[in-house]
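Here is a friendly walk through a structure, taken one piece at a time. Keep the viewer open as you read.

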Amino acid sequence: MAVETHIEVTDLRLAYGHREVIHGISFDVRRGEIFGIIGPAQSAKTSLLRCLNRTIDFTPDTHVSGSIKIDGQDVRKTGSVYALRRKIGMVAPLPVGLPLTIYDNVAFAPRCAGLTRRSALAPIVERCLRQAALWDEVKDRLNSLGTRLSGGQQQRLTIARALSHQPEVLCLDEFSIAIDPVTTMRIEDVLKELRREMTIILVTNLTQQARRLADRTMFLWNGDIVEIGTTDVIFGDRPKDRRTYDYVQGIFG
Amino acid sequence: MTDAPENNFTATPLIRKRLRQETMAKWIFFGMAAAMVVPLLLIIGYLAVRAAPSLSLEFILDVPRRGMTAGGIWPALVGTIYLVFLSLAVSAPIGILAAIYLNEYARDNWFNRVINLAVLNLAGVPSIVHALFGLGAFVYAARFGYSIISAALTLAIMTLPVIIASTREALASVPPSFREACWNVGATRWQAIRAVVLPNAISGILTGVILQVSRAAGETAPIMFTGAVFFKAVERGDLFPYYLDEQCMALSMHLYTLSTQVPGVMESIPYATAIVLLGSVLLVNAMAISLRVYLRTRKKW
């Protein structure tokens with residue numbers, strides 16, 4: 001696969017009020033790769049994702065500078081922020097089953113985009129639930145509530161919802177903290193399938209998860225990039241930065 | 001169990017002391033909670049006993065007779081219903097929409113802080129001040145005169161801040177993660193509000209509105225200055241006895257009049273009036289509670 005830049009972040013700074021949390025970071029994400037982001041708490045991983053789809057706008061008193069370009073287009077100068085968000089699928093750490101039926105959970109985004117015909121919605125719902133490896137478990141009860149599913153199922157429902165608007169980028173923010181290892185593995189398999197169709201940004205606390213999935217991994221620490229490298233370098237014996245080695249090996253001081 | 005060689009699970013004096021405190025605390029709290037019920041039962045019981053000679057369906061349907069010293073309370077009951085429904089028809093939409101703005105859209109800037117402050121202060125204004133405001137604003141300035149409209153609008157202003165507060169409470173109880181999930185897939189704020197926030201807040205919103213019925217029905221001062229009248233001749237059992245630009249009778253006002261202004265009233269009539277006022281308010285509250293229970297069973301998380 002030809003190496004093609006999909007997302008280009010240049011000198012991104014983010015401040016909440018007077019407190020700067022991202023200190024001018026620059027990196028590229030290539031089309032079709034799984035890009036891992038690791039780092040301890042407070043390293044601004046989630047804030048970074050929120051800059052990407054501009055849900056940061058909903059937080060008052062934030063200041064963003066620098067640029068984030070998706071397909072060469074700056075997300076902060078985009079014509080419609082809603083069109084931008086539909087290009088990005090976002091999966092939150094804790095599963096959020098909206099208090100709607102399973103069907104409506106997945107059909108929500110297409111409906112918001114103006115698609116209302118049932119004949120058009122039903123195939124989308126089925127495709128997304130299949131992609132999220134949930135279809136077989138819920139196909140007989142699409143009209144029961146999404147919130148009644150188990151945690152792992154709800155997280156896959158969240159992924160199905162994130163896929164329902166056919167995003168080009170899928171961002172997962174520590175998707176596995178609330179679910180068991182077996183379900184995690186199933187979702188990881190799902191991601192391996194999905195990467196053929198989209199770029200995946202995987203924020204994770206589990207360094208081993210990044211090692212299993214990511215093509216390249218970025219180590220963020222306190223809003224700075226410590227190191228970006230291919231998985232075998234970051235998780236190998238000789239990453240460029242000592243801190244990366246310590247963090248990955250679990251001897252971070 | 002003394003012959004057990006070694007029991008690791010015996011209560012130490014410290015544990016026993018804590019247990020005694022625990023029991024004491026529980027009973028004190030229970031006592032306070034139970035004490036709440038006593039005044040209500042005493043009030044209702046006392047009223048019911050004193051009102052018994054007059055209480056009948058006839059009392060509700062009949063008009064006051066012989067200079068209000070006998071007869072029923074129909075015009076006052078209908079007047080109260082008029083006032084309550086009109087005032088809530090005005091204040092509920094305004095209050096709910098304002099609360100949606102304040103809770104879902106408003107940023108934390110000086111203008112919205114001023115709005116918040118205004119709402120809080122409006123809630124703290126005594127009803128007699130509302131009455132004077134209604135008199136100046138609606139009766140004179142807006143030239144509605146002493147009328148049902150003036151009184152209802154005054155009551156609406158009085159209930160508005162509480163409706164705003166309770167609606168905001170209900171909206172704030174919907175987890176923010178639901179909104180974010182909607183925004184993440186490209187929904188606008190309004191799409192998120194309509195699809196997820198409102199359906200889950202509606203029971204709380206309605207409860208807040210309906211509870212204002214009792215306030216609107218019970219207040220005397222605001223309507224006394226703006227649209228309620230001592231006596232108005234009305235047909236017995238007439239459902240639509242008033243025009244909106246006329247003055248009307250009201251239960252709370254009627255009760256005040258009977259108790260203080262009219263000599264020689266049959267003793268049980270004021271009590272029966274109070275019972276009807278209390279009963280209709282409790283009826284509405286009961287409706288609010290059952291509506292809430294019904295909507296809660298449909299709540300989805």
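The report below covers the sheets, a helix residue, the contact between chains, and then the second chain.

## The model

Please bear in mind that this is a predicted model.

## The four-stranded sheet of chain A

Let us begin with an open sheet in chain A, built from 4 strands in the order E2-E1-E4-E5 with antiparallel pairing. Its edges are strand E2 (19-30) and strand E5 (73-74) of chain A, each of which pairs on one side only.

Inside this sheet, strand E1 (residues 5-16) of chain A runs antiparallel to E2(A), and 9 bridges join the two. If you would like a residue pair to look up, try A:Thr5, whose bridge partner in E2(A) is A:Arg30.

## The six-stranded sheet of chain A

Chain A also has an open sheet of 6 strands, ordered E6-E7-E8-E3-E9-E10, and here the pairing is mixed. Strand E6 (88-91) and strand E10 (224-230) of chain A are the edge strands, pairing on one side only. From one strand to the next, the twist averages 15 degrees.

At the E10 end of the order, strand E9 (residues 216-221) of chain A is joined to E10(A) by 6 bridges, and the two strands run antiparallel. Look there for A:Trp221, which stands opposite A:Asp224 in E10(A).

## A closer look at A:Leu121

A:Leu121 belongs to helix H4 (residues 118-131) of chain A. Is this residue buried or partly exposed? A:Leu121 has 18 C-beta neighbours inside 10 Å, and a residue needs 20 or more to be buried, so A:Leu121 counts as partly exposed.

Setting aside neighbours within four places in sequence, A:Leu121 is in contact with A:Ala107, A:Pro110 and A:Leu115. As for A:Ala83, it sits 38 residues away along the chain, and the C-alpha atoms of A:Ala83 and A:Leu121 are separated by 19 Å.

## Where the two chains meet

The contact between the chains draws on 21 residues from chain A and 18 residues from chain B. On the chain A side, helix H2 (81-87) and helix H3 (102-112) each supply at least two of the residues that touch chain B. By class, that side of chain A divides into 14 nonpolar, 4 polar and 3 charged residues.

## The overall build of chain B

Chain B has 11 helices and 2 strands. Read from the N terminus, its elements run α-α-β-β-α-α-α-α-α-α-α-α-α. Its radius of gyration is 26 Å, well over the 19 Å that the globule rule gives for 301 residues, so chain B is more spread out than a compact globule.

Along its principal axes, the C-alpha trace of chain B spans about 90 × 60 × 35 Å. Of its 301 residues, 39% count as buried. Among contacts in chain B between residues at least 6 apart in sequence, 77% join residues at least 24 apart.

## A helix pair in chain B

To finish, turn to helix H3 (residues 74-105) and helix H8 (residues 189-218) of chain B, whose axes come within 9 Å and cross at roughly 145 degrees. The crossing of H3(B) and H8(B) is right-handed.

Residues making this contact include B:Leu83, B:Leu88, B:Ile96 and B:Tyr105 of H3(B), together with B:Ile193, B:Val197, B:Ile205 and B:Val213 of H8(B). Charged and polar residues take part too, among them B:Glu104 of H3(B) and B:Gln212 of H8(B). By class, the contact of H3(B) with H8(B) has 14 nonpolar, 3 polar and 2 charged residues.

Terms used:
Residues numbered from 1 in each chain as written. Chains lettered and ligands numbered in written order. Predicted model: local features only at pLDDT ≥ 70, side-chain atom pairs only at ≥ 80, totals over all residues. Contact = placed C-beta atoms within 7 Å. Pairing = 2+ DSSP bridges. Rg over C-alpha atoms; globule rule 2.2 N^0.38 Å. Buried ≥ 20, exposed ≤ 12 C-beta atoms within 10 Å, placed from the backbone. Axes fitted to C-alpha atoms, helices over the stretch in contact; angles between N-to-C directions. Left-handed = near helix turned anticlockwise from the far one by under 90°.
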